Amino acid sequence: MTDTLAKDHETVRAQQRTAAAQARRLKTLDSLFELRAFIALGVLIVVFSLLSDSFLTVDNVITMTRHVAINAILALGMLLVILKGGIDLSVGSTVGLSGVIAGELLQGLHLSPFDVVAYPQVWAVIVICIAVGALVGAVNGILVTRLNVAPFIATLGMLYVARATAMLISNGTTYPDLAGDPGTHNTGFDWLGQGRPLGLPVAVWIMIVLAALVAALLRSTPFGRWLYATGGNERATELSGVPVKRVKMAVYVISGACAAISGLIIASELTSAAPQAGDTFELNAIAAVVIGGAALSGGRGNVRGTLVGAFVIGFLADGLVILGVSTFWQMLIKGAVIIVAVILDQSQQRFRRRRAAASAVAVAAEDAEDDSTSPQRVTSEA
C-alpha cells in the first residue's frame, strides 16, 4: 500500500511540474504578445534609422509626432467605441466636414435676411466645429441605441452623409487662406496647427491632454468600468442596472468630437480646408487601436496601447515616404500590418485560454497531492 501511495504521489508531482512549466511558458508568450506594439515600434525605429540618416533627427521626429498626434486623437475616440464592441466608420468624413465648416465660417458667413457677412472669432469657430462633430456622433448613437441599427451599417451611412454634407456646403471646392483678416478679428486659426508651445506642436499637446483625460475616464470613473463591462457582456451589464444605452451614446459623441478636433488641426496646419480631407482616416484609427492590443469584440484595450499603435502607423507611413516607397506599396504594407495585428490578437487569445487550462491543471494536481498526503486519507487507506 505504501508503494502505491508513493507512486500516486510521484505521478501527481510530475503532472503538477509539467502543468506549472507549461503555464510559465504560456505566461512568457502572453507577455511578448502584450508588448507586440512596443516591439514593432522599436523595430521600425531601428530599421528606418539604419536605412535613412534623416529619420531620427530631432526635426523629423517632431514632424512625425505631429502627424501621429492627428491619428492618435482620432484613435482615442475610436478606442472608446471599440471597447464597447462597436465601430465608427464616419470619423474620416467628420474630419473633412469640420474643416469645411471652419473654412465657411472663417471666410465669412453670409446672412442673407440681414444682408450682412458675419466673421465669428476663432474660439467660436472651434466650438461650433467640435459641436458639429459631436452631433454626427450623436446621430450615430441614436441609430445604434434607439433604432437598433448595426454599428457598422449606421456609421457607414453617416460616412456618406457627412462627406456629402461637406461637399454640398463647399460645392466640392477648397477653402484657401484661412489665416484670417485682422480687420474682422478672426485671425489666429493657424496657431492650432502650426504653433509650438515649449517646442512641441499644439497637436501633440492636445494628444497628451486627451490621452490623460481618456485614461482617467477609463481607470477612475464608473463610466470606464461600465464601458469595459458593456464590451465584455452587454446583456449581463444591462441586467445589473448599468445605463448601457447612455454609455453607447456617449462614446459615439466623444468619437465625433475627437474627429472634429483632428479636422480643425489639419485645416489649421494647411490654412485651407477641403471636403476630401480625412479620406480613409477611419482605417488608420482602427488600425492604431487594434495594433495597440484592443479587441474588436470589445471589453479589452487601453490608452497606452492605442498611443503606441498610432506611433507604429505614423512612423511606418512617414518612414516609407522618406525612403521613397510608392503610395501603392504603402497601402499594401499598411494593410498587411493590420492583418498581422489581428492574427496576433487571435493567437494571444488562444494562448491565454491554454494558459488558463494549464493553470487549472496545476491547481488540481496540487489539490490532489494535498489530498494524497493528508493524515485522514493515509489512515483510511491503511
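**Aromatic contacts, a surface patch and salt bridges**

Phe55 is buried, with a relative accessibility of 0%, where buried stands for under 20% relative accessible area, exposed for over 50%, and partly exposed for values in between, computed with a 1.4 Å probe and with protein chains only. The structure is a predicted model, in which local features need pLDDT of at least 70 and side-chain atom pairs count only at pLDDT 80 or more, while totals for chains, interfaces and linings use all residues. Residues are numbered from 1 along each chain as its sequence is written, and side-chain values use heavy atoms, with hydrogens and water left out.

Phe55 takes part in the aromatic contacts of the model. A search of the whole structure gives three aromatic pairs, a pair being two rings of Phe, Tyr or Trp (for Trp, its six-membered ring) whose centres lie within 6.5 Å, called stacked if the planes are under 30 degrees apart, edge-to-face if over 60, and tilted otherwise. Phe48 and Phe55 form a tilted pair, because their ring centres are 5.3 Å apart and their planes stand at 40 degrees; both of these residues, Phe48 and Phe55, are buried. Phe55 also pairs with Phe315, in this case edge-to-face, with 6.0 Å from centre to centre and 90 degrees between the planes. This second pair links distant parts of the chain, since Phe55 lies in the loop between helix 2 and helix 3 (58-83) and Phe315 in helix 13 (residues 303-322), 260 residues apart. Helices here are DSSP runs of H or I with at least four residues, just as strands are runs of E with at least two, and both are numbered from the N terminus. Phe315 counts as buried, with a relative accessibility of 7%, and one aromatic cluster is formed by Phe48, Phe55, Phe311 and Phe315.

The surface offers a nonpolar patch, formed by Leu35, Phe38, Ile39, Val43, Val47, Leu51, Ile322 and Leu323, which together have about 640 Å² of accessible area. Patches consist of residues with over 30% relative accessible area and no salt bridge, with like charges joined within 9 Å and nonpolar side chains (Val, Leu, Ile, Met, Phe, Trp, Tyr) joined within 5 Å; the areas come from the Shrake-Rupley method with a 1.4 Å probe, and for residues only the protein chains shown count as cover. Helix 2 (residues 36-51) gives the most to this patch, with five residues. Val43 lies in helix 2, and its relative accessible area of 46% makes Val43 partly exposed.

Helix 11 (residues 244-270) has 27 residues that should span 39 Å at 1.5 Å a residue, which agrees with the 40 Å between its end C-alpha atoms; the expected span is 1.5 Å times one less than the number of residues. Of the 27 residues of helix 11, 19 are buried, so the helix is largely enclosed by the rest of the structure.

Two of the salt bridges reach helix 11. The count of salt bridges comes to three, each requiring a side-chain nitrogen of Lys or Arg within 4 Å of a carboxyl oxygen of Asp or Glu. Arg66 and Glu269 meet in one of them at 3.4 Å, N to O, and this pair joins helix 3, which holds Arg66, to helix 11, which holds Glu269, across 203 residues. Arg66 is buried, at 16% relative accessibility. Glu234 and Lys248 form another at 2.8 Å, N to O, connecting helix 10 (residues 234-239) with helix 11 over 14 residues; Glu234 is partly exposed at 31%, whereas Lys248 is buried at 12%. Glu238 and Arg235 make a further bridge at 3.8 Å, N to O, and because they stand three residues apart in helix 10, about one helical turn separates them. Here Glu238 is partly exposed at 36% and Arg235 is exposed at 53%.

Beyond helix 11 the backbone deserves attention. Most residues other than glycine have a negative phi. Thr271, which follows helix 11, has a positive phi near 50 degrees, and Thr280 likewise has a positive phi, near 70 degrees. Thr271 lies in the loop between helix 11 and helix 12 (281-291), as does Thr280; Thr271 is partly exposed at 22%, and Thr280 is partly exposed at 38%.
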